[in-house]
Structure formats: structure tokens, C-alpha cells
Amino acid sequence: MTRALALIPLLIAVVFGGFFLWGLDPDRDPNDIPSVLISQQAPEFTLMDVEGLATPSFARTDLVGNPGPVIVNVFASWCVPCRAEHAVLTRLVESEGQRLFGINYKDKPEDATRWLAELGNPYEKIGADSTGRAGIEWGISGVPETFIVGADGTVLYRYVGPVVGDDAVGKFREALVQAGALERRVGG
Amino acid sequence: MTPEIGHFALALALAMAIVQSVLPILGAARGNILWMQSAKWSSLGQVFFASIAFFALLQAFVTSDFTVKNVVENSHSLKPMLFKVAGSWGSHEGSLLLWVLILTVFGAAVSVFGSNIPDSLKARTLSVQAWISVGFITFMLFTSNPFDRVFPPPVDGQDLNPLLQDVGLAMHPPLLYFGYVGFSIVFSFAVAALIEGRVDAAWARWVRPWTLAAWLSLTAGIALGSWWAYYELGWGGWWFWDPVENVSFMPWLMGTALLHSAIVTEKRDAFKSWTILLAILTFSLSLLGTFIVRSGLLTSVHAFAVDPERGLYILGLLAVSIGGSLALFAWRAPVMEPGGIFKPISREAGLLINNLILATATGIVLFGTLYPLFYEALTDGQKLSVGPPFFNAAFIPIMLPLVFVMGIGPFLSWKRADLPGVLQRLRIVAVLTVLATLAVWYIVRGGPVLGYLSILLAIWLFMATLKEWTVRIKLFEVPFTESRRRAANLPRSVYGMTLAHTGLAVAMFGFIGSSVWKTEEIVFVQPGSQIEIAGFDVTFEGLERVRGPNYVADRGKLTVRQDGVFVTELFPESRYYPVAESNTTESAIRSTMAGDLYASIARPASEEAGAGGALTLRILYEPLVNFIWIGSAMLVLGGGLSLSDRRLRVGAPRRGAAKKISDSAQVPAE
């Protein structure tokens with residue numbers, strides 16, 4: 001075995017060590033998922049409507065010129081946490097007057113239709129992202145994800161995972177308040 | 001008082017370790033036999049004091065001594081006794097103490113049972129082992145003391161994470177640590193051999209039992225962890241490619257490669273530097289696992305509490321041990337003599353393929369596990385996650401050829417094999433394999449081609465391995481009594497190999513069946529709801545509230561019928577642990593060899609979620625999943641059989657015509 005070859009494992013280990021040292025920075029939180037989209041314009045996308053559903057289709061143009069901030073939710077019928085989240089979103093629409101748009105991610109139209117028929121449909125518009133292309137544009141890391149988009153089409157906030165439970169709902173409501181879409185709750 | 005005794009014992013163990021890390025290796029260098037033999041007493045002393053420390057912590061847990069911070073954070077007076085005991089290694093500090101205890105146990109085992117190992121090699125090995133001890137005990141004493149007290153003591157504890165309160169998991173860490181830490185002694189042997197500058201067949205034979213022992217514990221530990229995830233987590237899966245799972249899997253893959261390459265070193269005096277490298281890397285990966293789990297470097301479902309200071313300390317430990325050993329390797333390995341020469345088609349070549357594939361597979365898992373970190377570092381904070389799709393796409397295609405070669409490898413003879421002859425023998429196996437696969441396809445229908453290909457290879461491995469056994473005992477070639485005599489005389493290591501290889505085939509049936517042909521239904525249910533899955537009709541009858549020792553639970557009742565005939569009742573639970581303020585899902589499973597019907601229920605995460613307070617019922621059918629556990633047990637048993645081979649027990653292997661490397665100036669007089 002030549003000397004150069006025998007050195008390779010050591011060199012690899014040193015490179016790994018460098019990355020580990022970098023990764024130990026106490027300010028780094030691997031659980032925090034930032035979005036490159038925050039304070040940027042929402043990405044360009046045009047989606048067809050979900051086949052068999054009366055809800056109109058959803059595209060980038062629907063996000064500009066709104067009177068106030070709107071919510072964009074990425075969901076799928078195969079996603080279990082989406083079920084739990086669905087009730088939270090429905091409440092925000094029905095009793096708090098929020099506007100909700102949906103991106104139906106990698107779903108079968110008949111499944112999505114049945115899912116919405118079972119749980120109710122709070123979405124103003126839904127785009128069928130059967131290929132996951134729009135999901136890539138939005139940079140989602142999983143389903144569900146929920147964004148708050150300002151009146152000018154700027155992405156204001158991103159929530160990864162289901163908005164379920166007091167903590168998550170609290171965070172999301174706070175973001176809506178800051179976006180100006182919601183009045184601060186008295187005492188909250 | 002006991003915790004202070006434990007703390008003090010730990011300090012004494014450190015003192016012993018420091019002596020052992022210097023004296024024996026100096027003795028080996030100077031030819032001082034007394035100094036070399038001091039390792040025996042210091043290694044026994046280390047075990048003694050580490051045991052005192054461990055039992056002191058155990059006692060604090062068993063008696064619920066809430067003046068000890070670690071007990072407060074990880075136990076509760078109402079917890080069942082088994083979990084009080086298990087709580088002592090459930091935390092970061094406690095598990096480290098267990099780690100240190102096992103480390104010292106292995107060191108002492110070598111010094112007591114390794115009477116056939118030459119003094120100088122043994123002394124150096126034990127010194128290296130003591131270096132590791134020193135690293136870990138100082139780590140505990142300076143950053144993670146399990147005996148810290150709290151004042152004033154709280155009335156009761158904060159409870160162990162309820163998910164961890166399970167028999168499977170209580171046993172999982174000790175087994176896993178036996179595996180991880182068991183590789184430490186192999187590492188020490190490798191480093192000692194590099195220092196001596198000599199590796200030969202005898203060295204490989206001394207190392208083999210320790211490798212086997214570590215490997216089978218690790219196998220059992222991983223299987224148990226997987227079994228726990230399957231039964232306890234309620235996700236209905238047994239492997240998630242989570243970073244913490246991966247870090248236990250990597251030493252397993254490397255250790256498996258080591259196990260096989262050590263055979264070549266033992267029998268043919270070849271692959272020397274490669275075997276040494278594998279020994280170093282296997283333990284390095286175990287250390288890496290410890291580092292990743294305890295440093296908060298990656299996100300995972302099961303990691304310990306994060307503390308950057310600890311992370312830095314372990315990284316320093318890693319730098320010294322891995323960096324040091326690899327530097328030593330780079331320095332010394334090039335001068336090692338290559339051993340036996342072999343042809344491209346031979347047992348050696350077969351094992352080389354095994355090693356290359358396993359090493360590549362390890363590389364893939366390592367890369368996938370750390371890629372999020374690399375990516376974040378190189379793109380200035382952008383994040384991504386690497387999930388099952390990557391691992392399945394990269395790992396499975398590389399492992400399938402290995403399974404194919406595994407069928408042929410054992411037929412090949414050393415040095416030069418007669419491939420046409422071997423293929424001739426395997427022709428009947430190939431025909432039967434194809435027929436069996438077609439039969440599976442005829443019964444099952446549907447499913448991806450890859451699924452059938454995997455089934456084909458699993459059947460191939462199973463039958464080829466059995467065929468190899470029948471060839472060894474000349475079944476049907478000689479009178480039956482002669483075959484039986486041959487079967488009885490086969491070494492246990494042969495049976496170990498046969499059992500382990502068929503075990504992998506059996507486990508593969510489980511892997512394939514439960515991932516490719518799994519069916520799943522998730523529905524909201526109310527009393528009376530009916531669900532149909534995999535030919536079963538499941539009725540949700542209702543919910544009742546039950547009380548356990550330290551939890552309350554909603555227990556659902558499900559009636560399962562097949563073609564109108566009552567099959568069974570299932571009682572999945574959703575538990576709430578008031579003290580720990582957390583929920584767990586207790587799934588209900590009807591387990592048969594054909595497959596598991598698996599049900600779990602969950603309350604909506606908050607009051608406002610869920611449609612009218614309905615429950616989510618999740619039902620899965622996982623075909624053949626029990627084959628995984630059976631196959632894993634066969635792997636462990638196979639390892640155990642091989643370990644009990646008389647070759648490893650008696651007949652102290654001697655360094656016959658031991659070959660010394662060229663620069664014998666480095667080799668001290670013995």
C-alpha cells in the first residue's frame with residue numbers, strides 16, 4: 001500500500017472534523033428552518049384547478065393586489081397532520097375572516113375531492129400541484145407548510161409543519177397579527 | 001452518601017485508567033514484563049470502581065433519591081421498578097456511565113481471558129483501551145457528572161420520557177453500547193498492532209472473538225431498537241433512516257465488513273492494512289454516533305439534551321482518537337507486507353467484493369446523514385433534509401448485488417476458485433429460485449418489479465446458503481449416516497455462517513413484504529365506523545378511559561372480522577402521562593407470520609382541531625414483518641454459534657512463523 005493511499009482516510013476525517021467544528025456553533029439551531037423567500041416576492045407559479053372540484057384554480061397572480069395579507073397552505077389528502085391542521089385553518093377562515101389559498105401537493109384529484117368533501121373546504125382557491133413543481137418553487141420541505149403573503153405578493157412568514165396545538169397556533173396568530181391580518185386578541 | 005461514593009469511585013477509576021494508559025505500553029517498549037502485567041490489575045481495578053459508580057447511580061434510581069439531579073430529571077417515584085432501573089441509563093450522564101462501565105469490562109475481559117495473547121501486544125492493547133477510558137471518564141467528571149446533587153430536593157421527579165418506558169427500550173441501550181463499545185477493544189488491538197508494526201494471521205484470530213461479540217450485540221441492539229420503534233412509536237414502520245438510527249447502522253455495516261475481512265487476514269494472511277483500517281473506522285463510527293447524538297449537530301427524533309460544551313469536548317476526543325489512529329495508520333500501514341496472493345475468482349475476491357460493497361454502503365449512509373450539515377455549511381445557512389427516498393434509492397441498489405454474491409461466495413475456494421464448477425452446482429438453485437419467485441408473483445400479483453427482484457434475491461440467498469451446507473455434508477452423494485456424521489463434525493463457525501446468511505434472507509422477506517406490500521388507512525372514526533383493509537373488516541366499537549400506574553389512557557375497542565367471521569379484538573391506547581406532560585400511542589397489533597394488523601388511535605392535538613372531536617384511527621397491514629425479527633434473531637444466533645467455535649476457545653493460536661515488517665527497529669524485543 002502506498003503512503004498516499006494510506007493518508008486518504010486521515011484527510012477525509014480532517015475534512016469531516018472541520019464541518020463538525022462549524023456545526024457546533026451554539027447559535028446554530030438545526031431545527032430552525034429559514035425560508036429564503038421571506039421578504040421576497042412569492043415565486044412564479046400557475047396551477048390548474050383540482051379536477052372534479054368546484055374551487056377555482058390558483059396562480060401567482062392571485063397573490064397580488066389583495067386588500068390584505070392572505071394565507072397560503074400546502075396540503076395533501078395523504079398527509080396525516082394536514083387533517084388535524086385543517087380544523088385550525090377552517091376556524092381562521094370561518095370565524096376570523098382570513099383568506100386561505102391552497103396548494104394541493106402531489107395528490108390525486110379524486111382523493112383530494114373526497115378529503116375536502118369529508119372535512120369541508122375553507123379554501124378560496126386551490127391549485128393542483130400534481131408534479132410537485134410549485135412545491136419546489138416555494139421551497140417546501142414537507143407537507144403541510146403554511147405561508148402568509150402580504151397584499152403586494154411579498155412572503156411575510158413561513159410555518160413548517162402543522163399549525164396544531166396551542167403553541168403553534170399562538171405563533172401563527174402572532175404572525176398574522178404582525179402582518180396586519182388579525183387584531184390582537186384581548187388578553188392574548 | 002452513596003452518590004458521593006459513586007463520584008469518588010469514578011475518580012479512582014480515572015486514576016487507574018491513567019496508570020494503565022502509561023505503564024503497560026512503556027513496559028512493552030522497554031521489555032519490562034512487570035510493567036506490562038500491571039495492566040491486568042489496573043484493568044480489573046477500573047471495572048471494580050466503574051461498577052461501584054454504576055451501582056451507586058442505580059441505587060439512587062431504585063430508591064428514588066431525589067437529591068440527585070439526574071434522578072430528579074429522569075425518574076419518578078410512581079414509575080414501575082424496571083423503568084426506574086432503566087432510567088439510570090436513560091439520560092445522557094447515565095448512559096455515559098454505562099458506556100464507561102462496558103469499556104472497562106471489555107478491557108478487563110481481554111486481560112483475564114486473553115492468556116494466549118503475547119504480553120507486549122496485550123499490554124499495548126490495554127494501554128490504548130485505557131486512553132479511551134481516560135477520555136470518557138474525564139468527559140463525565142468535567143461536563144456530565146451523573147452524581148450532581150440538587151438542593152432543596154424536589155418532592156418528586158420529572159419522569160423519564162414515557163416513550164422510553166418500554167421493556168424493549170430498557171434493554172436496547174445496554175445491548176447497543178455493548179456493540180459500540182465492544183468495537184473499542186478491536187480498535188485498541190488495531191492501534192496496538194500498528195504500534196508494534198506487525199499484523200499476521202494470529203493477530204486476526206485474537207481479534208475475531210471480540211469483533212464477533214461486539215457485532216452480535218450491536219445486531220441485537222439495533223433489531224431491538226427497531227422492534228421498539230415498530231411497537232411503541234405507533235408510526236407503523238421499523239426503520240426511518242433517522243440520523244440516530246443511521247449512526248448505529250454505520251458501525252454495523254463497517255463491523256460486518258471487518259468480520260469478513262478479518263477472516264481473510266486469519267486464513268490467508270492478506271488484507272492486513274485493510275482489516276486494520278476497518279477496525280479503526282468501525283469504532284470511529286461508533287464514536288461519531290456518540291458525538292452526533294449528544295452534540296445537537298443534526299436534528300433527530302431521538303437525541304439527548306444538547307450542550308455545546310459537551311459537543312466540543314467529544315469533538316476533541318474524536319480528533320485525538322480518530323485523527324491519531326488514522327495518522328498512525330498513514331504512517332505505519334504502508335510498510336506492512338502484503339500477504340497471500342489470489343486470483344480474481346476466489347474466496348478472497350468474493351470477500352473483497354463484500355467489503356467494497358459494505359464500505360460503499362457505509363459511505364452512502366454517512367454521506368446522507370451528514371449531507372444536511374455539509375450543505376448548510378457550504379451554502380451559508382440554507383437547510384435541507386435527506387430522507388428515506390435518498391437512502392432507499394442509493395442504499396438498496398448497492399446492497400442487492402451483495403445479496404447475489406453472498407449466495408455464491410461461500411462456494412468459492414481460497415486462492416483460485418472454479419467458477420464454472422460452482423455455477424454448475426448452483427444451477428438447480430437458480431432454477432428453483434426463479435420458480436419460487438414466479439409462485440410468489442402468481443399468489444401476490446401487483447407490486448413493483450424491484451419488489452419481485454428483491455424477493456428473488458432473498459430466495460436465492462436462502463437456497464444457495466442451504467445448498468452450500470448440503471454440499472459440505474455431501475447430502476445425497478454419500479450414505480445418509482455419513483452425511484449426518486459430517487454434519488455433526490462441521491465446525492460451529494460454519495453453522496454460524498449458514499445461520500447468519502439464511503437469517504439475512506429471512507429478514508429480507510420481512511423488509512420487502514412490509515415495505516413494498518404494506519397497506520394503510522387513516523380515517524376519522526366514531527363508534528360504529530367500519531374500515532376495510534387487506535381483506536379484514538374492522539369496526540370501531542367505542543372508547544373507554546383506563547388508568548395505569550403513572551398514566552391515563554383512552555382505550556379504543558376494535559373488532560376485526562374476515563369474510564364475516566370474527567378474528568380478533570384490538571385495543572389501541574392513547575396514553576397521557578400527567579407528570580411528564582406528554583402523550584404516547586400504544587398501538588394494538590394482531591401478529592401472525594403472514595403479517596401484522598396494526599392499529600393506533602390518536603386524539604386531535606388540540607381541542608379545536610379534529611372534526612367534532614373525532615379520533616384519528618390508523619390501520620396498517622404489514623405483511624411478513626415478523627420475519628425481520630426472526631431473521632435478526634438468526635443473525636445474532638449465528639454470530640453466537642461462530643463465537644462458540646472451539647477454534648476461538650481452545651488451542652492458543654501461536655504466532656507460527658511470525659513475519660516481521662521490514663523496519664524491525666520499531667519492534668521491541670520480546
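Begin in chain B by selecting domain 1 and domain 3, whose centres, taken over C-alpha atoms, are separated by 43 Å. This is a predicted model, in which local features need pLDDT of at least 70 and side-chain atom pairs count only at pLDDT 80 or more, while totals for chains, interfaces and linings use all residues. Residues are numbered from 1 along each chain as its sequence is written, and chains are lettered from A, with ligands numbered from 1, in the order in which they are written.

To make the selections, use 1–160 for domain 1, 186–334 + 345–407 for domain 2 and 519–626 for domain 3 of chain B; these bounds come from an automatic or database domain assignment. Between domain 1 and domain 3 of chain B, 6 residues of the former are in contact with 5 residues of the latter (C-beta atoms, placed from the backbone, within 7 Å).

Next, select residues 492–516 of chain B, which form helix 17 (25 residues), reaching 35 Å from first C-alpha to last, close to the 36 Å expected at 1.5 Å a residue (1.5 Å times one less than the number of residues). Of the 25 residues in helix 17 of chain B, 21 are buried, so this helix is largely enclosed by the rest of the structure (buried: 20 or more other C-beta atoms within 10 Å of a residue's own, with C-beta atoms placed from the backbone).

Finally, move to chain A, where 5 strands form an open sheet of mixed pairing in the order 3-2-1-4-5 (strands are DSSP runs of E, at least two residues, numbered from the N terminus, as are helices, H or I, at least four; two strands pair if DSSP finds at least two bridges between them). Its edge strands are strand 3 (125–129) and strand 5 (155–160) of chain A. Select strand 4 (residues 145–149) of chain A, which pairs with strand 5 of chain A in the antiparallel sense over 5 bridges, and then Ile148(A), whose bridge partner in strand 5 of chain A is Tyr157(A).

Methods. Contact = placed C-beta atoms within 7 Å. Buried ≥ 20, exposed ≤ 12 C-beta atoms within 10 Å, placed from the backbone.
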